[in-house]
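These are my notebook entries on the interfaces between chains. I set down in turn what I looked up.

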Amino acid sequence: MRRLIGQLGKFCLYSDTYFEGTCPHIENEEIANSPYGAFNFTYGPSAGGLFESVGIDINTFGEYIRNIKVNPNYKKREIRILDKSIEDAILYIERINAAFSASHVISFLSAIDKISESDIDSDVLNLRILQIEMERIRNNLFVIERLAESAGFQVPLYQLQYLIENVNRKIGKLFGHRYFFGVNSVRKININDPKVDFTGIEREFKTIYEDIIENRIFIDRLQGNGIIKDERSIGPAARAAGFYYDARIEDEFLPYKDFDFKISTYNSADAFGRLIVRSEEIFESLRIISQIKVKSKEYKIKVNDGEGIGRVESPSGDSAYFVKVNNGKVVNIDLLSPSSINIELFSKSMVKNIFTDFPFNWESFGIWISEVGVRFI
Amino acid sequence: MDIGSWGEIYMNWFLKGLKKGIKTEKFPKTNPIDIAPWSTELNGSGNVNCPTKAIDNESWNSERCIYCRRCYPLYSPTGNIDIFKVNKKNNIFRRSFYVYPIDIGTCGGCNLELKLISSPQYDMTRFGIFFTNTPRHADALIIMGIMTEGMKEPLLNAYEAMPEPKLIIALGVCAISGGILGTGSQIKPDVIIPGCPPNPYTILKALIEAKGDKE
Amino acid sequence: MIYFIYLLFILSIFLSIFEKKIGYALSAITSIIFVYYGITIGNIYGYFFIISGLVWLFSSIFSIFYDTYGRWLSPLFITSILGMAIALTARTYIEFLAGWEIMTIPAYAIIGLNRKLDSPAFIFMGFGELSTILIFAGFIYAYTTSNSFYFTALDTYIPLIVVTFGFMIKMGIFPFLVTEWLPIAHGNSPANASAILSATMTLVAAYGIVKMMLLSPDIPILGYILMGIGGFSIFFSALYAYISEHVKGLLAFSTIENNGAILSAIGVYMTYPTKTIAEFALDVIVTFAFAHSIAKTGLFMISGTVEGEALSKLKIIRNKLGEIGGILLASSMSGLLPNIGGVATWSLLESLFMEAYILHSTLSSISIITGSVIAMGEGFASAAMIKFISYTQVFKGITGKSAKITIFSIIGFVILILGSLSYLLFRNFIYGVPSLGIPNGFIIISEYSSGKIFGDISPFYVLILIVVFSLLTLGIFGKPKVRKTNTWNNGIKPREEYTAFAFANNIRLMLSKLLRTEIKGDSLETSTNIFWKVMYYIAKKYVSFSRRLARSYMNSSISWYIIYMILAFILITILVVIL
Amino acid sequence: MISVFLETIIQAIGVILVSPLYSGILDKWKANVASRKGQSIFQPYFDIFKLLKKETTVSSNASSIFIYTPYVVFSTYIVISLVIPVVYPEPILLTPTVDFLGGALLFSLAGFLKIIEAMESGSNFVALGSARAASFSFLGESTLITVFFAVALITGTNNPYIEHEFAQIPQYYLALDHILATVAFFMLWLFETGKLPVESSGLAELGMIDDALIYEHSGKPLALLKWGGYMKQYLLGSVLLNVFLLPWGMQLGVLGAMEDIGIMFIKWLFLLFIALVIDTSLAKLRLFKVQDFLAVAFVLSITSLLLSVIQNA
């Protein structure tokens with residue numbers, strides 16, 4: 001079943017094909033006139049409640065959010081990546097967004113793979129799946145921790161932070177770097193210490209998860225907050241609205257078919273639904289990881305000129321790369337970041353809520369500004 | 001609004017908290033328990049082609065290294081976390097040190113690692129270190145990320161809004177020298193904490209020393 | 001003595017026609033004489049004279065600087081003051097009614113001439129005249145029983161009931177609050193006229209009730225009804241004051257709130273639980289009248305110094321002196337301690353809860369509910385005053401000098417000093433505890449029977465202690481080293497400011513059922529507008545009915561008019577004979 | 001005369017110096033329950049001491065009112081500390097300045113001044129917080145006033161010291177109206193001192209209510225406002241303990257006054273334990289639900305008033 005994903009450079013990307021041209025835009029109905037007493041309340045760029053610098057203009061006449069505009073370009077960075085070798089390009093792509101760095105690099109490598117012949121074997125692909133799933137676990141834990149922080153929910157907040165640090169340490173021990181920097185290269189994957197087990201995480205998270213969704217005040221902050229049921233949504237936001245969208249079952253590059261896992265969905269399409277979907281995904285990712293044996297060896301690859309598009313399911317939705325290579329050099333590159341789509345979904349779903357609902361809805365989408373405010377030169 | 005929802009003050013989170021117990025490590029008195037090797041000091045010999053020229057004439061410059069592992073195996077991590085430099089201290093912050101983080105162009109890594117020093121393992125509050133949400137209450141400005149055009153004005157406003165005496169801390173290679181993505185922060189830092197991103201142990205130890213503790 | 005004062009006022013009316021400033025100066029001087037006259041009287045009525053005299057004094061001085069409206073404002077302004085003087089010092093019913101009319105007609109004329117008013121506004125003022133009819137009927141009935149025009153003791157309480165409801169309409173108590181709120185807010189009458197319209201006109205109405213009350217036998221049921229109505233109207237008018245967006249409208253609502261408080265104090269007197277509580281209630285009425293009238297004059301002057309009517313779009317001049325004066329006035333209006341507003345609120349709540357304690361029966365639940373509703377009303381009043389003062393003096397604006405600002409700052413300090421002088425208003429409730437450091441004469445106590453003290457307060461010591469301790473803290477901690485920077489607004493230059501509409505909006509959303517708030521595409525409506533629609537609908541019906549009546553009967557033939565007068569006369573005489 | 005003077009000094013100094021300690025203890029316990037070693041219990045003192053040495057940066061829109069009103073707010077809390085039985089159970093010097101209802105009005109005065117001088121900074125966040133604080137004041141103030149009257153209707157006087165004695169008699173202590181008033185006052189104490197489920201001191205600016213009032217301050221005025229906040233928590237908590245919750249065990253005489261500080265410390269540990277359980281078990285209520293929370297407290301206090309009148313009618 002074809003679905004529209006988003007604008008990737010000059011292409012409009014669908015789940016199974018892509019066309020040149022611009023995709024239909026998620027329009028946010030403009031409330032033109034500003035009634036008596038309404039004004040623009042600016043929140044950000046630099047604020048204690050915002051994790052990254054982002055400018056948010058809320059049109060309100062007091063507590064009630066009439067319209068919202070997110071401006072991610074305060075920290076817009078120019079990345080000098082053109083005419084660089086593929087190995088150097090990976091260095092830049094890793095540092096676009098630390099939280100999704102593995103998804104970005106692997107989606108870039110999947111695009112490269114489309115225009116190269118290599119004897120890549122299933123162990124290396126499994127390791128790539130391992131990286132993406134570990135990144136998903138850490139990021140979903142981080143989103144839930146931010147939700148607990150917005151509600152001032154002391155005990156689960158710090159227990160989740162404790163868990164996130166443990167996951168980071170396991171990644172650091174396994175790959176040598178906590179955010180997968182310097183791990184992936186075109187020829188091999190650097191392993192630091194293969195003997196790392198993840199058993200303790202599931203038990204610990206299960207106790208936190210079961211009690212966090214029992215607390216009525218906490219649920220009340222999430223239910224009915226930021227409802228969005230739009231077939232152009234992606235990632236956890238789509239799955240929370242009951243859509244069965246996931247790049248892991250649509251793309252063939254990574255052998256997800258060899259693993260037994262299910263796509264978790266919910267139907268309330270609000271911040272609470274996104275919390276449930278992300279928590280269930282943590283359990284599913286842990287199940288996938290338990291089925292992978294960590295073995296790494298080099299493989300030969302020959303990259304020839306041409307264009308390729310790769311797509312991977314990052315923790316907040318589809319992350320896709322378009323690459324054009326000319327005698328070993330990256331000549332043109334474009335990024336479809338999940339957060340750019342999530343920002344539009346967020347702006348559409350935030351209207352008609354009140355100020356204190358903002359932090360919950362914003363955090364539940366897991367938006368990273370660093371992957372939106374990016375220009376390749 | 002059914003009164004029952006907040007009426008039942010069941011104590012289960014209170015009991016769960018007690019059951020979990022205190023998880024704070026004894027660091028810095030004891031050595032760090034578990035560090036990702038590629039965020040500590042590198043040493044070795046031989047010349048290598050380093051993309052950010054962190055290694056020239058065989059000496060490793062921590063302020064430029066982005067840990068890309070191209071110099072491996074000639075250069076390898078030693079596990080030593082004391083790679084920060086504190087040029088200016090003020091011991092009126094010894095027992096109460098409020099820091100205001102400002103992201104002027106990060107990839108998100110430094111923000112995440114800085115946030116984790118408040119986690120139970122590291123627990124910055126036991127040293128009197130706290131986050132605050134306005135530079136007016138802050139004693140130190142933690143600058144993260146490369147200098148982007150859009151964040152020049154907020155950075156200067158934040159610096160100006162902070163009452164004296166204040167410290168400027170550059171966190172991560174991007175803020176110190178710009179790494180491979182751009183240039184470092186406009187404001188000259190008093191304390192630099194290299195790393196891409198720096199390890200929570202390094203950040204914590206640097207802050208402890210910056211606030212004037214006799215470490 | 002009193003005729004000399006009338007003469008002076010009439011003289012100042014003529015003078016003001018030629019030269020405004022001299023007219024106002026003369027009316028200021030006569031007001032001082034009137035205050036002196038009030039002091040010589042000495043009884044409860046004397047206090048009313050002192051209050052109104054002070055209000056006229058301040059508003060006349062303010063008008064000297066404020067009056068740029070043309071030749072017609074000053075004479076009408078001073079005639080209205082003359083009317084009030086006559087009504088206050090009237091000894092007979094006719095004199096009172098004459099003063100009453102001389103007071104109201106010029107006030108409405110000022111509003112009419114100031115700006116072309118659409119028809120319903122005038123009709124609502126017509127509703128206001130309903131009060132005159134009721135008072136007139138009450139006086140007629142009193143005359144028939146005591147067959148003398150003079151204010152003498154009466155043996156029936158019916159005139160009291162009729163007259164009280166008449167005065168309540170004039171005070172704008174709840175069902176009729178539009179008659180009070182509307183002329184000031186909608187007509188956008190000049191600040192000095194709104195000051196006397198709101199401060200002293202309602203004061204005369206309260207004076208009327210007190211005068212009739214002291215003369216007629218006591219009827220506790222009316223007392224409970226008044227307490228209930230007073231509490232109810234305090235809550236709603238304070239709520240509407242908080243969400244109102246009109247500079248003068250907000251103050252008009254807070255006038256109604258204070259009138260509600262005075263009414264419940266009158267209610268406590270009428271229920272007469274014990275002799276001491278009734279006496280205490282009288283002093284409460286006077287303190288409340290003092291606190292409200294003078295502070296309200298000051299606040300209307302503030303509304304006179306700003307340009308514009310909508311609180312969210314005002315252009316204001318502010319300076320430090322103005323802010324301190326404004327804060328003092330606002331803190332008094334929201335019933336906070338060192339100044340007289342706090343003493344008034346304290347004494348009102350004490351009297352209500354003393355009555356609840358004395359009655360100790362299901363009846364006392366009325367005074368408990370009224371007390372709690374008044375406490376809630378105080379909460380809204382302080383919220384409304386915070387909003388008013390922030391958006392007219394404190395939040396943002398250009399700093400600058402203006403003579404008008406100094407006047408209301410002086411009133412602010414007068415309010416503060418009055419707070420410490422409020423011992424004079426509670427003459428036989430003065431006490432002292434020398435052993436604990438407060439000498440005799442510095443504590444006001446509330447007691448429900450002689451010797452049984454319920455509560456105590458000493459406003460002078462509160463003021464002294466706060467000042468002393470503040471200087472002490474300043475001495476110990478020292479002055480801070482200050483550096484000016486611009487406001488921290490997430491790193492970027494602040495653009496649009498938080499509007500007054502937004503300030504009160506969370507109440508509109510929280511009490512949406514009470515205020516029937518609806519959020520339409522581009523606006524947010526609350527029930528004050530709906531209440532206005534209901535009254536507007538009645539007015540339209542009344543206008544069309546009277547026009548049809550006029551076309552069919554008032555065919556401008558003199559003979560018909562005579563017939564109508566005769567019919568009216570017969571009707572009234574029948575009425576008088578029956579009752 | 002000397003002994004009364006000494007007792008006054010002990011009470012005033014006791015309130016000023018001891019109040020930050022309790023907030024420090026509560027934060028330490030909360031940290032321990034959240035599996036962290038947590039800051040020292042003297043952290044509030046360190047913060048205040050450091051802030052006193054720092055410079056004050058003031059927004060261009062603010063005048064000297066913004067800088068000096070925190071001194072007045074601080075002194076208002078000192079005045080309140082002389083008037084209610086927070087350390088010494090007998091009236092001390094200057095106690096009759098104000099009775100229980102006057103004490104409630106002084107609390108409202110401090111709140112009023114804090115909002116007005118914060119508004120002078122001209123920042124939108126401060127206006128957002130002040131709007132919320134002002135909007136909740138109608139229920140906050142009225143509950144405070146009605147609760148203070150709850151005991152007055154039983155004892156026939158508004159003097160907190162006599163109410164303190166009355167509350168010690170088990171027959172009154174266990175009466176339904178006393179229990180309702182205690183519950184209402186405890187809920188009000190949670191609201192006034194910014195505890196969960198009403199408010200928490202997180203970093204998110206859009207959820208601030210009381211934090212917004214000190215958002216634009218720095219240096220000495222900020223230290224005084226924070227200290228004032230600690231004193232307010234101590235004063236309200238001590239009245240809750242001495243007149244409603246645990247009125248027993250207070251000593252007399254100058255030496256007794258010293259012991260009273262210790263006894264209050266033990267009573268406070270009990271109150272802090274209850275606050276700890278609530279703080280760690282609940283999340284922050286949605287903004288408009290705070291009004292329901294306060295409405296319940298208000299209704300409870302009115303029912304206790306009605307009961308006390310009708311019960312022994």
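Entry one, chains C and D. I worked from a predicted model. I looked up the contact between the two chains and found that 76 residues of chain D and 76 residues of chain C take part. I then asked which elements of chain D give two or more residues to the side that touches chain C. These are β1 (56-59), α3 (64-81), α4 (100-119), α5 (124-155), α9 (219-245) and α11 (287-311). I noted that α5(D) provides the largest share of that side, with 18 residues. Sorting the side of chain D that touches chain C by class, I recorded 42 nonpolar, 27 polar and seven charged residues.

Entry two, strand pairing between C and D. I checked in which sense β6 of chain C and β1(D) pair, parallel or antiparallel. Strand β6, residues 482-485 of chain C, pairs with β1(D) in the parallel sense, over four bridges. Within β1(D), I found D:V58 opposite C:K484.

Entry three, chains A and B. I looked up how many residues each chain brings to this contact: chain B gives 45 residues and chain A gives 47 residues. On the side of chain B that touches chain A, I listed the elements that supply at least two residues each: α1 (4-7), α2 (12-20), β6 (97-103), α3 (109-116) and α4 (152-161). The largest share of this side comes from α2(B), at five residues. By class, I recorded 22 nonpolar, 17 polar and six charged residues for the side of chain B that touches chain A.

How values were computed: Residues numbered from 1 in each chain as written. Chains lettered and ligands numbered in written order. Predicted model: local features only at pLDDT ≥ 70, side-chain atom pairs only at ≥ 80, totals over all residues. Contact = placed C-beta atoms within 7 Å. Nonpolar A, V, L, I, M, F, W, Y, C, P; charged D, E, K, R; others polar. Pairing = 2+ DSSP bridges.
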